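Please look through the structure shown here with the briefing beside it. The points are grouped by topic, so that each part can be followed on the model in turn.

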Amino acid sequence: MKEKKTEFDEKIRDILEYLSEDNSSALTFIDNLKLNLFTSEIYVFTPKGDIINLPKESSVLDFAFKIHTDIAMKSIAGKINGKPQPLSTKLKNGDQIEILTTKKQQAQKEWFDFVITQRALSKLRKIFKEDIEKNIETGKNKLESILLEKETDNIGKCIDNISKHLGYSKKEKLFEDIGEEKISDIIISDTIKKFCIKQRSTRFWKIKRPFKSPDKDAVLPELYKLAKCCNPYPGNEIIGTKSDDKTITIHKINCSSAMTEIAFKHNNIDVSWTSYTAISVLKEFNISGFNQPEVINKITGIISKDISVNIKTFNFETKGTNFLINIKLYVKEEENSINLYEKLSKLPFTTDIEILN
C-alpha cells in the first residue's frame, strides 16, 4: 500500500531539489531551510475548497507554484476572495485564491523580489540560471576592480562590509544586482569611501618656526610664504627674510634676490624644514593639454612646492600633440585638492583637469 505524502515530505523534497540545482553557500542553505521548514504557516484555499499550507508572508505567486509550476509560469494575477490582486500580494490565513493565467505570459526576473518558498525560488533559478551566473560574475569583477583601483587593503572584508551596509545577506545577490546595474556607481563609490578606505597617516612638511608661540607645535602658515623668485620646496636648503609686517618669505639659500635683500636690509632669519604626520586621503588627478617642453617640470614643480600634498604615483603619456598625466597623491584636506586644482588649471598648456575621487 502506497503511503500518502505529508506536507513535511513535500518540504524535504523541495529542499533536496534546491540543493541539486543551486550552488549557494552553506549559510544560504541554512537560511532557506529555516524559512521553509520551521517558520509559521498559513492555511489558504483553492476555488474548489482544497486546503493549501504555505509559509507566513507567502505571495499569490508562491501559491501558484505550490499548485503547479506550469500554472505559475503563465500567471498574471490572482483573485483573493473574489477580488483581483497582483502576484506580489501577501496571503493571510483563510484566503481563497484563484490564479489568473495567459499563454502569452513568461517568467519575470522581478518575481524573485516577492517569492519566498523554496519551490518557487528553485524553479525561477533554474530558468534564469545562465543570466544570474553571468550577472554575478560581472558584478563581482566590477566591484573587485574598483576596490583594486582604490588600493583597498582587504578586499574580502570590504565586500562583507558593503554587503552588510546595503542590506544584503548574501554576497552573490550583491554581485548580481551590481552586474544588473541595479546599484548605481555613486552608491558603490560612497559606500567604499565610508566602509573600505582606511585613513592613512602621511608625512607632510612645514617650516620650523623660528619665533615664539604659546603652542610650539602650532602651524601658522599665514606667517610665512614661499618666494616666487626661486620656488623653494621641501628638501632645499632655505633661508628666510623678514618683512616689516613680520611675514617671513622663504627662499632657497643661494637665491640672488634673497642675498641682495639681506645685504641691504640685514633682515635674514634662520629657518628650516621640519616634518610631521597627519591623516590624509588619496586623490587621483587626470591632467590633459597641449604637449610642449617643460610640461612635466612645470607640473611637478607646482606639486612639489605644495607642502600639503605628497605624490604617490606619476604617469605621463603623449597622444600626438597632446599629453595626459595621471597623478595619485595624498592630501591633508579636501581644500588642498581644490587649491592644487586651481594652480594647475592656470597653466597655459592645460586644457582639462579631472579629480576622480
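In this predicted model, the buried residues of helix 9 are covered by elements that include helix 6 (129-149), helix 7 (155-165) and helix 8. The briefing begins with that helix and its surroundings, then turns to other helices, to a sheet, and finally to the chain as a whole.

**Helix 9 and its cover**

- Helix 9 spans residues 185-195, and its residues Ile 188, Thr 191 and Ile 192 are buried.
- These buried residues lie on the same side of helix 9, because they cover an arc of only 100 degrees around the axis.
- On the face of helix 9 that is turned away from the buried side, the exposed residues Ile 186 and Lys 194 are found.
- Helix 8, which is among the elements covering the buried residues of helix 9, runs over residues 171-179 and contains Glu 176.
- Glu 176 has a relative accessibility of 10%, and since buried means under 20%, Glu 176 counts as buried.
- When neighbours within four places in sequence are left aside, the contacts of Glu 176 are with Ile 132, Asn 135 and Ile 136.

**Helix 11 and helix 12**

- In helix 11, which covers residues 295-305, the buried residues are Val 295, Ile 299, Ile 302 and Ile 303.
- Viewed down the axis of helix 11, these buried residues fall within an arc of 95 degrees, and therefore they line one face of the helix.
- Helix 12 (residues 334-345) holds Tyr 341, which counts as partly exposed because its relative accessibility is 32%.
- Apart from neighbours within four places in sequence, Tyr 341 is in contact with Phe 285, Ile 353 and Ile 355.
- One of these partners, Ile 353, is 12 residues away from Tyr 341 in sequence, while the two C-alpha atoms are 7.3 Å apart in space.

**A sheet of three strands**

- An open sheet is built from 3 strands in the order 4-3-5, and their pairing is antiparallel.
- Strand 4 (83-85) and strand 5 (97-101) stand at the edges and have a single partner strand each, so one side of each is left without a neighbour in the sheet.
- On average, and with direction ignored, neighbouring strands of this sheet are turned by 35 degrees against each other.
- Strand 3 (residues 75-80) and strand 4 run antiparallel and are joined by 3 bridges; in one pairing between them, Ile 80 has Lys 83 of strand 4 as its bridge partner.
- Helix 3 (residues 60-67) lies across strand 3 and strand 5, and runs at about 85 degrees to strand 5.

**The whole chain and the confidence of the model**

- The chain contains 12 helices and 14 strands, and of its 357 residues 39% are buried.
- If contacts between residues at least 6 apart in sequence are considered, 63% of them join residues that are at least 24 apart.
- The chain exposes about 21,500 Å², and 51% of this area is supplied by carbon and sulfur atoms.
- The mean pLDDT of the chain is 81, and 81% of the residues reach 70 or more.
- Over residues 218-222, however, the pLDDT is below 50, and this stretch has 4 contacts in the model beyond near neighbours in sequence.
- Where pLDDT is low, predicted coordinates should not be read in detail.

Conventions: Residues are numbered from 1 along each chain as its sequence is written. This is a predicted model: local features need pLDDT of at least 70, side-chain atom pairs count only at pLDDT 80 or more; totals for chains, interfaces and linings use all residues. Side-chain values use heavy atoms; hydrogens and water are left out. Helices (H or I, at least four residues) and strands (E, at least two) are DSSP runs, numbered from the N terminus. Buried means under 20% relative accessible area, exposed over 50%, partly exposed in between (1.4 Å probe, protein chains only). Contact means heavy atoms within 4.5 Å. Accessible areas come from the Shrake-Rupley method with a 1.4 Å probe; for residues, only the protein chains shown count as cover. pLDDT is the predictor's confidence in each residue, from 0 to 100. The arc is that of the directions from the helix axis to the C-beta atoms. Two strands pair if DSSP finds at least two bridges between them. Axes are lines fitted to C-alpha atoms, for helices over the stretch in contact, and angles run from 0 to 180 degrees between N-to-C directions.
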